[in-house]
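Open your viewer and keep the selection box handy. This tour tells you what to select next and what you will find there.

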Amino acid sequence: MKATVVHDHFPPASNRDASLGYRRREHALMLLLMSPAVLVVFVLLLIPLGWLIGQSFYADGFTLEHYQRILTERIYWNTFWVTFRISFIVTLLALLMGYPIAYATSILPRRWSMLVLALVILPFWTSVLVRAYAWLILLQRSGVVNESLMGIGLIDAPLALVHNELGTIIATVHILLPFMVLPLYATMQKIPKDLIQAGASLGGSPLHVFTRVFFPLSLSGVLAGMTLVFVLCLGFYITPELVGGGRTVMASMLVSRNIQLYSDWGAASAVSVVLLICVLIIFYVVSRLVPLEKILGAK
Amino acid sequence: MKDTNCFKYLLGFSVVAAGTVGADDSLADGQITFVSQGGAYQEAQTIAILDPVAEALGITINQESAPDAWPMIRTQGTTGQAVWDVVDTPPLNCVRGGNQGLIEELDFSQIPNAESMPEEYKTPYSVAYEFYSSVLAYNPDAFDGNPPQSWEDFWNVEEFPGNRALRNHPLGTLEAALMADGVAREELYPLDVDRAFEKLEEIKPHITTWWTSGGQSAQLLYDGEVDMLMIWNGRVSAIINEGANAEFTYNDGVLQNTHLCIIEGAPNLETAVEFINAAIDPEYQANLPLHIDYGPGNPAAFDTGKIPDDRARELPSFPENAERQVLMSYEWWASSAGEEAERRWLDFMQR
């Protein structure tokens, strides 16, 4: 399979000149086919983004005051600290929960693995808003979880499971779990089974084979899943707003508060730009370790 | 487009493009664009006030809704590209907007219906349209015949144990904190912001939820998630009507209203002024409480005989109820001290 691909792109040296013209035509055709997509990205993403960045430096003329405020006021530091802390915890939890799911899926017979994957993807079809409310109902004082725990006598008074950071983390992990499981599954599925058998035949215990062979080979998937979950979590808005009880202020909520408070797009834009830069830095660092197209699922 | 600034130009362009009324309508008479806050409230006033006024004046009222009108007021005001005419919004927006040249100053000689209204129901830029109140509501079962009746009780966690909720916003909340600290209702303004935040720190550990939307506050009480909370009277009445186990008191309530104001450079200024005068006509104002739990902005509506007495007594702006509450001073909230207090809020929440 691989050999034929190579052959297509690097034909024999004898007709290199002819193929050069062919490849040029092919490139031109590709560009033409891509142009609607490029146009959409340019008009709907790059221009507004440029505008956003421009605005963040604007208040009756050029200014750095919005960035100055972010650097000097404590609430901005606090908010970004909370945002990163929550994202980090969510990423770890998603990994702890997602890895066994992905592992089981990758070794199950195809029929069963498809079922598990379907169950993982199913929540995607429910809106984030509905899921946030569902968690409220499950976790609140008189909710199912507290009532059952009290019913079986495990606790005497209801636990504060929601309207706080804990509730935010629970609901966010639930929403982001598929983004961990899918890249992990894709990576694990490609790990040749012979390697595991080889390890076992050489006398490795199952645990040994897992820690020395399987796990290292799945690391690129781990990194891809963690990056996706972390970056998506950084921008979460509806979930912390609804289940965070008002105390859990994440960066995207700061954007909307800035519009209400300073009635000023510049202040809000600056927060968005800082968040965007954080994301770009994360992607850059990770891309030095794993190719980006792998994270985004292209390979 | 007078302004050559690129940002403002683009901003203005997007507003014009987003508005339903094109620029070519700007000279047309007999119509206005009216903006309110949507939902059941806008539907109720359409039946009670807007439709009858449109018919009486022979004008077309194009409706839009914006739960938070301030960013749009600011955009339209700063670009000089007004597409809205009249906005129904908290007077804070009218006064702040007026101070910044975004809202027209009203010529009250053209608005005779406002003459009999109390001075504190008017600002140079706006006039009261309807009243609501931030009240103390509770679940009576949680208190065994002795429910909290004031913010002092709300702050008293020993005598009144239970889960509590407050609004995640300084407006009204700072007033409640000061009343809890023993400040008399008539001596609240100017608010002692430091003292209010200090008092809020005291109750903070006992607050289960700082709510952000009216629906959320109602749900908290309905589900029994909290035992007492600050809530808008319309929201708590609605769940009481649905059979929720809830009661509320107007005692110590923070009486709030929305005002009508006109965007600076409104395309239909004359019609807009005419509309405002008609919209606060006691006859139309008296229709409003028949459709929703809000009080008329013009108290003369209580004298029309249209509002049944038992209904009138349920309304936040009914004189006997109003006496037990504090009227929020939007002038203070629009002042620099008020803005400063608003900015301190997020800091307080995160501490």
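## Starting in the helices of chain A

Select residues 80-102 of chain A: the stretch is 100% helix and 0% strand, with 31 Å between its end C-alpha atoms. Please keep in mind throughout that this is a predicted model.

Now jump to residues 265-286 of chain A. This span is likewise 100% helix and 0% strand, and its end C-alpha atoms lie 31 Å apart. Both spans appear in the UniProt record, in an unreviewed entry, under the feature "transmembrane region"; the record places that feature at residues 29-53, 80-102, 114-138, 166-186, 213-238 and 265-286 of chain A.

## Helix H5 of chain A

Next, select residues 110-121 of chain A, which form helix H5. From first C-alpha to last, the 12 residues of H5(A) reach 16 Å, close to the 16 Å expected at 1.5 Å a residue. Is H5(A) largely in the open or largely buried? The number of buried residues among its 12 is 0, so H5(A) lies largely in the open.

Stay in this helix and pick A:Ser113, which sits in H5 of chain A. A:Ser113 counts as partly exposed because it has 17 C-beta neighbours inside 10 Å, a count that falls short of the 20 needed for a buried residue but exceeds the 12 that marks the limit for an exposed one. Leaving aside residues up to four places away in sequence, A:Ser113 touches A:Thr105 and A:Leu108. For a distance to draw in the viewer, try A:Ser113 to A:Thr91: their C-alpha atoms are 23 Å apart in space, and the two residues are 22 apart in sequence.

Now add residues 165-189 of chain A, helix H8, to your selection. The axes of H5(A) and H8(A) come within 9 Å and cross at roughly 150°. An angle over 145 degrees counts as roughly antiparallel, so that is how H5(A) runs relative to H8(A). To see where they meet, show the side chains of A:Leu117, A:Val120 and A:Ile121 on H5(A), together with A:Leu177, A:Pro178, A:Val181 and A:Tyr185 on H8(A). By class, this contact has 7 nonpolar, no polar and no charged residues.

## Across to chain B

Colour the two chains separately and look at where they touch. Here 21 residues of chain B are in contact with 21 residues of chain A. On the chain B side, helix H3 (70-79), strand E7 (207-211) and helix H15 (336-350) each supply at least two residues. The largest share, 6 residues, comes from H15(B). Sorted by class, the chain B side divides into 7 nonpolar, 7 polar and 7 charged residues.

## A crossing within chain B

Select residues 173-180 and 193-203 of chain B, helices H6 and H7. Their axes come within 8 Å and cross at roughly 80°, so H6(B) and H7(B) are roughly perpendicular to each other. From H6(B), B:Leu174, B:Ala177, B:Leu178 and B:Ala180 meet B:Val193, B:Arg195, B:Ala196, B:Lys199 and B:Leu200 of H7(B). This contact divides into 7 nonpolar, no polar and 2 charged residues.

## Last stop: a loop in chain B

Finish at B:Ala300, in the loop between strand E10 (295-296) and helix H12 (309-312) of chain B. With 17 C-beta neighbours inside 10 Å, B:Ala300 counts as partly exposed. Which residues does B:Ala300 touch, not counting those up to four places away in sequence? They are B:Ser116 and B:Pro282. Finally, draw the C-alpha distance from B:Ala300 to B:Met117: the separation is 7.5 Å, although these residues are 183 apart along the chain.

Note on methods: Residues numbered from 1 in each chain as written. Chains lettered and ligands numbered in written order. Predicted model: local features only at pLDDT ≥ 70, side-chain atom pairs only at ≥ 80, totals over all residues. Helix = DSSP H or I, 4+ residues; strand = E, 2+ residues; numbered from the N terminus. Expected span 1.5 Å × (residues − 1). Contact = placed C-beta atoms within 7 Å. Nonpolar A, V, L, I, M, F, W, Y, C, P; charged D, E, K, R; others polar. UniProt positions renumbered as here; feature names shortened; annotations may be inferred. Axes fitted to C-alpha atoms, helices over the stretch in contact; angles between N-to-C directions. Parallel < 35°, antiparallel > 145°, perpendicular 65-115°, else oblique.
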